[in-house]
Amino acid sequence: MIAKLTEAERAALVDLLPNWILAKGRDAIERSFKFRDFSEAFGFMTRVALLAEKHDHHPEWSNVWNRVSIALTTHDAGGLSERDIKLAEAIDLIA
Ligand code: HBI
């Protein structure tokens, strides 16, 4: 069973993941990205897909032309876990 973040760990996300926000109404973090065009956006999505496979942790995401929105939460934990933090950090490195 994967442990959910503690309240203290969740509060620390503001500093740990400054590019991400806590979702409203659910225990998840979100970040939106804007690229030059669809090709750039899809290239980013391809790289994130490979990261997700490497992490065995997958985003909830949407793409509209040059924009990509990503939400991370851990279904197995019923909310945010360390796995979401690790994947968010990895995504930030390629964004
Ligand atoms: N991705 N976001 C997310 N949440 C999960 O619980 C999850 C996942 N990817 C894979 C997965 N669970 C399971 O296949 C592994 O935990 C075994």
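These are my notebook entries on the ligand site and on methionine 1.

**Ground rules.** I worked from a predicted model, where local features need pLDDT of at least 70, side-chain atom pairs count only at pLDDT 80 or more, and totals for chains, interfaces and linings use all residues. Residues are numbered from 1 along each chain as its sequence is written, and side-chain values use heavy atoms, with hydrogens and water left out.

**Ligand shell.** I listed the residues around the ligand (a heavy atom within 4 Å). They are Asp56, His57, His58, Thr73, Thr74, His75, Asp76 and Arg83. I then sorted this shell by class: five residues are polar, three are charged and none is nonpolar. Here Asp, Glu, Lys and Arg count as charged; Ala, Val, Leu, Ile, Met, Phe, Trp, Tyr, Cys and Pro as nonpolar; the others, Gly among them, as polar.

**Ligand polar contacts.** I looked for N or O pairs within 3.5 Å. A polar backbone atom of histidine 58 sits 2.9 Å from a ligand nitrogen. Threonine 73 places a backbone N or O atom 2.8 Å from a nitrogen of the ligand. From arginine 83, a polar side-chain atom is 3.3 Å from a ligand oxygen. I also checked cover: alone, the ligand has 390 Å² of accessible area (Shrake-Rupley, 1.4 Å probe), and the protein covers 70% of that 390 Å².

**Methionine 1.** I found methionine 1 in the segment before helix 1 (7–16); helices are DSSP runs of H or I, at least four residues. Its relative accessible area is 90%, so methionine 1 counts as exposed (over 50%, 1.4 Å probe, protein chains only). Beyond neighbours within four places in sequence, methionine 1 contacts Asp76 and Ala77 (heavy atoms within 4.5 Å). The C-alpha atoms of methionine 1 and aspartate 84 are 15 Å apart, with the two positions 83 residues apart along the chain.

Conventions:
A polar contact is a pair of N or O atoms within 3.5 Å; within protein, one must be able to donate a hydrogen and the other to accept it, and residues adjacent in sequence count only if both atoms are side-chain atoms. Helices (H or I, at least four residues) and strands (E, at least two) are DSSP runs, numbered from the N terminus. Buried means under 20% relative accessible area, exposed over 50%, partly exposed in between (1.4 Å probe, protein chains only).
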